Amino acid sequence: MYWTMSAILFVLWIVGSISGSTEGAWVHLLLLFSMVTLLLAVAQRGRGSMA
């Protein structure tokens, strides 16, 4: 689930960066949220394999 959320947020960030109508730094929050969900996905996968 986190992998999918991360991919969607990353694609939205790319689209927002390419389109000329970005609202300042708001589009970069998508990248931040994408990285957070990616880290959660990696942490959850690592935790599950150790159990």
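Is S6 buried or exposed? In this predicted model, S6 is buried, with a relative accessible area of 6%. That value falls under the 20% cut-off, so S6 counts as buried. S6 sits in helix α1, which runs over residues 2–18. Beyond its sequence neighbours up to four places away, S6 touches S34, T37 and L38.

The protein as a whole contains two helices and zero strands. It has 51 residues, and 16% of them count as buried. Its accessible surface comes to about 4,000 Å². Carbon and sulfur atoms account for 74% of that surface.

Helix α1 was examined for its length. It holds 17 residues, which should span 24 Å at 1.5 Å a residue. The expected span takes one less than the number of residues, so the 1.5 Å step is not applied to every residue of the helix. The end C-alpha atoms of α1 lie 24 Å apart, in agreement with the expected span.

The buried residues of α1 are S6, L9, W13 and G16. They cover an arc of only 95° around the axis, and therefore lie on the same side of α1. The face turned away from this buried side carries exposed residues, namely T4, V15 and I18.

I14 is also found in helix α1. Its relative accessibility is 32%, so I14 counts as partly exposed. The relevant class lies between the limits of 20% and 50%. I14 also takes part in a nonpolar surface patch, together with F10, I18 and M35. The patch measures about 370 Å². Helix α1 supplies the largest share of this patch, with three residues. I18 thus appears in two descriptions: it is an exposed residue on the face turned away from the buried side of α1, and it is a member of the nonpolar patch.

Helix α2 covers residues 26–50. T37 has its place in this helix. T37 is buried, with a relative accessible area of 7%, because that figure is under 20%. Leaving aside neighbours within four places in sequence, T37 is in contact with Y2, M5, S6 and L9. Two of these partners, S6 and L9, are among the buried residues of α1. The contact between S6 and T37 also appears in the list for S6.

A41 lies in helix α2 as well. Its relative accessible area is 4%, so A41 is buried. A41 touches Y2 and W3, again not counting residues up to four places away. Y2 is thereby a contact of A41 and also of T37. A41 and M1 are 40 residues apart in sequence. In space, their C-alpha atoms are 7.9 Å apart.

W26 belongs to helix α2 too. In contrast to the buried T37 and A41, W26 is exposed. Its relative accessibility is 63%, which is over the 50% cut-off and therefore places W26 in the exposed class. W26 and W13 are 13 residues apart in sequence. Their C-alpha atoms are 9.8 Å apart in space. W13, in α1, is one of the buried residues of that helix.

Taken together, the contacts link the helices at several positions. S6 of α1 touches T37, which lies in α2. A41 of α2 touches Y2 and W3, and α1 runs over residues 2–18.

Conventions:
Residues are numbered from 1 along each chain as its sequence is written. This is a predicted model: local features need pLDDT of at least 70, side-chain atom pairs count only at pLDDT 80 or more; totals for chains, interfaces and linings use all residues. Side-chain values use heavy atoms; hydrogens and water are left out. Helices (H or I, at least four residues) and strands (E, at least two) are DSSP runs, numbered from the N terminus. Buried means under 20% relative accessible area, exposed over 50%, partly exposed in between (1.4 Å probe, protein chains only). Contact means heavy atoms within 4.5 Å. Patches are made of residues with over 30% relative accessible area and no salt bridge: like charges are joined within 9 Å, nonpolar side chains (Val, Leu, Ile, Met, Phe, Trp, Tyr) within 5 Å. Accessible areas come from the Shrake-Rupley method with a 1.4 Å probe; for residues, only the protein chains shown count as cover. A salt bridge is a side-chain nitrogen of Lys or Arg within 4 Å of a carboxyl oxygen of Asp or Glu. The arc is that of the directions from the helix axis to the C-beta atoms.
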